[in-house]
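Visitor: Could you take me through this complex, one question at a time, with the terms spelled out as they come up?

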Amino acid sequence: MADQHEPRDFFDKPENIEKMLKVFYVICGLLVVADFIVHRHIYHDWENIPAFYAIYGFVGCSLLVFVAKWMRTFLMRKEDYYDE
Amino acid sequence: MSNMIPFLPLMLGALAALFLRGWARNIIMLAAPIVGALNLMGFEHGVFWAMEFMGYSLELVKVDKLSLMFGYLFHLAALIAVIYALHVKDTVQHVAGLAYASSAVGAVFAGDLLTLFVFWELLALTSVFLIWARRTDRAYASGLRYLIIQVLSGVLLLAGLLIFAKVNNSLLFSHIGLDHDGIAQIGAWLIFAAFGIKSAFPFVHNWLTDSYPESTPSGTIFLASFTTKVAVYAFARAFAGEEILVWIGVTMACFPIFFAVIENDLRRVLAYSLINQIGFMIVGIGIGTSLALNGAVAHAFNDVIFKGLLMMTMGAVLHMTGKINGSELGGLYKSMPKTTILCIVGAASISAFPLFSGFVSKSMIMAAAVKEGYDYVWLLLLFAAAGVFHHAGIKIPYFAFFAHDSGIRTTEPPKNMLIAMTIAAIACVVLGSFPAQTVYALLPWEHDYQPYDVTHVLTQLQLLFFSALAFVWLNQRNLYPPELPSTNLDVDWFYRKLAPNIVKKVACKTYGAYEKLENTVVISIKHMLQSSYDEESGKPKGYFAKLWPIETMVVWVAGLLAAYLMLYYIIGLL
């Protein structure tokens, strides 16, 4: 098990994680702002929606996780299910 | 012609590995892929080692840009895998690994279907030893299932090629397509199915997720590199532009990511994401324009390197800790910082971050889908691309190296493993940052695609960062499904649980019925005996079975003689 006296690493400190997350949120914000400043090529009508890729990525991944969680309710078995 | 037949250097390497030991074997194993690649450079486009066989012309080696690209790729993959496996003291794995790589090279240079078939089966026969080399009961059973399905693919290919030989009077391997008349139609579909099994089409995909995670840490690197890529190559040559492939491919790109999110074995997560990546390639082949086909084979090229890298980092974790389940790992960045960074490079590459290899090839397929008006396919591929980042890009490094501290303290893996991973990581960055000089230079079809413009980079970054944002949000709200020790049912349930259960039940019922019949027969015989034998007096029952006194017999004989005399007398009177 982890030694009690082991020096605490970078990711053990909640304040470091807080800082990293803040930087991450700022980048996310900047990427959305950039969407309105930069003129991007439109290959498809849907891409006209402001921040289409950001919204799609967020919603898509959330959906993915919720559906996968729901799939567990009927797909999950014990670890040695096939060994019996 | 001074060149060797392309698969020969690796095959000779495998043979030498069988007899040599120690440093001599290591040198030969390292030299084999290098010599093989140098040998390829001496080839010009064309047909070599052509021969006649039972009236059919065979082309053992046919070199063009497509086969050369895969040829170089397989030698690079073999070299990386050999370096990764150098510390292993197991002759079986070394010999099988090199022979397997050699079969893959033989298959992509095969100019006719018969040669292709031979190498197709060799792929199965050599690779199964990499699974069995784990030497566990699970690996043995898994390897058997793997072998049965792979050989089935070969049998379908053989049936298809026999039909084609009969109809076309030729065995040459070129574009086949699905549009034929009469019996040739059946042949085309048989070959299609054979390729489909090997590239893990939906419903026949479980051989991959079943067996690859059961192999040894180094065996999986070989496995993940060759079989499916040979199948992708075969599709690109024979079925380019078949629209059904678009729909099959998009299904493959989407459904495995759900399984990957809830899977606990991190190498099985990568196996599911392997199917997802092949899905992208199959879509590209189905679209069939030169941009899409280039995208498909470029992605196959990049995928071997970055999927190999991810598999190697997880293999290193398994090798050092003996554990591979997400539920048992975490916090390993403290003791394996180098492996952590290498894993993140692989994760960035498979997620298609700009400057990493996945970006330059995946975007070609996406661009082709939009260009050809496959709107929904494009939308689903975009979803799959976000999903890849979610399960392979974030989940793999997060649960292995970060998350909660599992308390496991170990060290970095052996040097040779680190070197192999570093080579793959550098390749990922070089391929992604300088595509024009590397992977694009090898592309078989004409193109003028430019991956790096503001639109591509910005939209891709938006997609990825907000996918990550979803992960952060779900994790902080405790909505993210925890890693649980579990097995998830998939199509393999049908042949690992349902079919055995049915067979068991039918066998039980048949045996029960037989036993019942046997019992009734025995009982009825006993019953008959009982009713005809009196136990108490020890005598049989029934009139004719009675014991008769001798006098009775004498009386009867006298009666009979009297009747005979009477008869004789009466006949004499007449």
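Visitor: How much of residues 49-68 of chain A is helix?
Guide: UniProt, in an unreviewed entry, places a "transmembrane region" at residues 23-43 and 49-68 of chain A; its positions follow the numbering used here, feature names are shortened, and annotations may be inferred rather than shown by experiment. This is a predicted model, in which local features need pLDDT of at least 70, side-chain atom pairs count only at pLDDT 80 or more, and totals for chains, interfaces and linings use all residues. Residues are numbered from 1 along each chain as its sequence is written, while chains are lettered from A and ligands numbered from 1 in the order in which they are written. Over residues 49-68 of chain A, the end C-alpha atoms are 28 Å apart, strand accounts for 0%, and helix (a DSSP run of H or I, at least four residues, where a strand is a run of E, at least two, both numbered from the N terminus) accounts for 85%.

Visitor: What is the helix content of residues 23-43 of chain A?
Guide: The end C-alpha atoms of residues 23-43 of chain A are 31 Å apart. Strand makes up 0% of these residues, and helix makes up 71%.

Visitor: Which element gives the largest share of the side of chain A that touches chain B?
Guide: The contact, which counts residues whose C-beta atoms, placed from the backbone, lie within 7 Å, takes 38 residues from chain A and 40 residues from chain B. On the side of chain A, two or more residues each come from α1 (14-37), α2 (52-75) and β1 (76-77). The largest share, 16 residues, comes from α2(A).

Visitor: Which residue of β3(B) is the bridge partner of Arg77(A)?
Guide: Strand β1(A) and strand β3 (residues 487-488) of chain B run antiparallel and are joined by two bridges, and strands count as paired if DSSP finds at least two bridges between them. The bridge partner of Arg77(A) in β3(B) is Thr487(B).

Visitor: Are helices α2 and α4 of chain B roughly parallel or roughly antiparallel?
Guide: The axes of α2 (residues 22-41) and α4 (residues 91-108) of chain B, lines fitted to C-alpha atoms over the stretch in contact, with angles from 0 to 180 degrees between N-to-C directions, come within 12 Å and cross at roughly 10°. Angles under 35 degrees count as roughly parallel, over 145 as roughly antiparallel, 65 to 115 as roughly perpendicular and the rest as oblique. The crossing angle therefore makes α2(B) and α4(B) roughly parallel.

Visitor: Which residue in the hairpin of β1(B) and β2(B) takes a positive phi?
Guide: Strands β1 (residues 46-53) and β2 (residues 56-63) of chain B run antiparallel, joined by seven bridges, and Phe53(B) has Tyr56(B) as its bridge partner. Two residues lie between the strands, and the positive phi, near 50°, belongs to Met54(B).

Note on methods
Two residues are in contact if their C-beta atoms, placed from the backbone, lie within 7 Å.
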